[in-house]
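Me: I've got a structure here and want to check why certain labels get used. Can you walk me through the reasoning?

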Amino acid sequence: MSNNQYPEFVPVESNWNPDTVTVQAGRPSKVVGAPMNTPIALSSTYVHTTDLGYGRDGNLSWGALEEALGQLDGGIATTFSSGLSAATAIADLIPPGGTMVVPTSAYYGVKNIFARLESHERLTVRLIDGDNTDATIAALEGADAVWMESISNPTLVVSDIPVIVKAAKKRNILTIVDSTFATPLRQRPLDFGADIVLQSVTKFLGGHSDLLLGAVICKSNPHAQFMIKHRHDFGAIPGALDAYLALRGLRTLAVRLDRSESNALELAKRLKNHPKIKKVNYPALPDDSQQEKAKRVLPNGCGGMLSFEIDTTPERTDQILESLKVITHATSLGGVESLIERRTRYEAEREAGVPMTLCRFSVGIENVEDLWSDLESAISKVLD
Ligand SMILES: *Cc1c(COP(=O)(O)O)cnc(C)c1O
């Protein structure tokens with residue numbers, strides 16, 4: 001669904017599969033002579049008088065991307081300059097003095113937003129263990145909203161979205177899911193009754209580590225209008241070029257994700273049998289603690305992220321990551337290239353209790369044998 005500012009996109013048929021939608025949605029309607037792609041709309045102002053007056057009101061390139069993202073998650077999408085500016089807009093939905101339930105394992109930038117608002121006495125944060133559904137539901141009493149992050153960063157916890165949403169609805173509590181790791185091709189929280197989805201488009205949706213962009217996908221029109229107004233009033237707008245590139249990246253999401261995912265599953269299995277690896281987190285592994293939830297919440301696969309602990313010191317773990325040649329020692333995730341980092345290099349992750357040698361691995365689309373020999377030889381070079 002688009003936000004109605006841009007009626008001219010090709011209509012998406014309800015029987016199309018999501019991989020077809022990623023390729024087709026947000027293109028100009030197919031009239032004679034129409035271009036294949038929605039152009040990069042570089043303009044800060046518009047001739048009077050339409051809904052688009054100034055550059056903060058809207059932009060055709062955002063509109064094309066929003067049309068595709070809205071169709072994919074089954075709601076109305078509003079894009080922002082980054083995932084965190086999108087999260088900031090969502091936080092503003094909480095009434096003054098309200099209470100927000102947040103998992104301790106939420107993305108640290110998201111927790112920062114809530115901690116800051118709490119320090120300004122704008123709202124109260126109730127931290128819970130996102131892996132513990134009963135504790136999450138118990139914390140809903142008297143709250144205004146619940147934040148879920150599924151699959152979570154960096155320990156790959158799956159939230160029991162259908163169960164938590166049902167309990168929240170009973171209490172009239174707003175439900176929000178950061179669905180960045182799963183992407184709309186693996187998890188559609190709005191179908192489980194959630195109100196709002198956050199996507200860091202920076203990651204798998206853009207897919208090429210060349211832009212930052214965020215999106216909020218709302219089930220209800222009033223929430224979507226709130227997001228559009230928030231973006232207008234606070235000014236966290238995406239660039240037109242970034243929006244164009246994000247949609248260009250989205251066109252190949254289905255094939256990129258299939259490849260990342262099959263690489264991730266194969267590497268997770270091999271890491272699990274490696275004598276120097278203590279623990280592997282990947283929800284699609286048969287004996288992973290998240291398997292039962294994953295089967296219900298992400299029946300089509302668990303994407304391209306995994307994490308593992310090496311049986312050594314943090315210093316040696318860093319040496320291993322620095323010895324890699326194919327996989328890049330860098331932060332972020334979701335690009336075609338494999339990236340890895342030890343998360344406790346950040347104080348916030350140490351404080352959150354993340355294990356000291358836990359490596360978060362964004363598995364790219366390279367040849368799986370090259371990725372495996374890169375990992376194996378870096379581990380044996382440092383530890384043998
Ligand atoms: C990266 C990320 C964000 C923040 O998005 P930015 O685009 O970096 O601002 C939020 N949640 C998750 C799960 C992320 O991976």
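Reply: Sure, here are the labels one at a time, bearing in mind that this is a predicted model.

Me: Why is Ile 40 called partly exposed?

Reply: Its relative accessibility is 34%. Buried means under 20% and exposed means over 50%, so Ile 40, at 34%, counts as partly exposed. As for where Ile 40 sits, look in the loop between helix 1 (18–24) and helix 2 (60–73).

Me: What makes the nonpolar surface patch?

Reply: Ile 40, Leu 42 and Leu 241 make the patch, about 300 Å² of it. A patch residue needs over 30% relative accessible area, and Ile 40 has 34%.

Me: Why does Ser 338 count as buried?

Reply: Ser 338 has 0% relative accessibility, and the cut-off for buried is under 20%, so the label follows. Ser 338 lies in the loop between strand 10 (328–329) and strand 11 (339–342).

Me: And what makes the pairing of Ser 338 and Glu 366 a polar contact?

Reply: Their side chains are joined at 2.8 Å. The limit for a polar contact is 3.5 Å, so 2.8 Å qualifies.

Me: Which residues hold polar atoms 2.8 Å from a ligand oxygen?

Reply: Gly 83 has a polar backbone atom at 2.8 Å, and a backbone N or O atom of Leu 84 is 2.8 Å from a ligand oxygen. With Ser 200, a side-chain N or O atom comes to 2.9 Å from an oxygen of the ligand. The protein covers 95% of the 380 Å² of accessible area that the ligand has on its own.

Me: What classes make up the shell around the ligand?

Reply: The shell has 5 nonpolar, 5 polar and 3 charged residues.

Definitions and conventions. Residues numbered from 1 in each chain as written. Predicted model: local features only at pLDDT ≥ 70, side-chain atom pairs only at ≥ 80, totals over all residues. Heavy atoms only, no water. Patch = residues over 30% accessible without salt bridge, like charges linked within 9 Å, V, L, I, M, F, W, Y side chains within 5 Å. Areas by Shrake-Rupley, 256 points an atom, 1.4 Å probe, with all protein chains shown as cover. Salt bridge = Lys/Arg side-chain N within 4 Å of Asp/Glu carboxyl O. Helix = DSSP H or I, 4+ residues; strand = E, 2+ residues; numbered from the N terminus. Buried < 20%, exposed > 50% of the residue type's maximum accessible area, 1.4 Å probe, protein only. Polar contact = N/O pair within 3.5 Å; in protein donor to acceptor, adjacent residues only side chain to side chain. Nonpolar A, V, L, I, M, F, W, Y, C, P; charged D, E, K, R; others polar.
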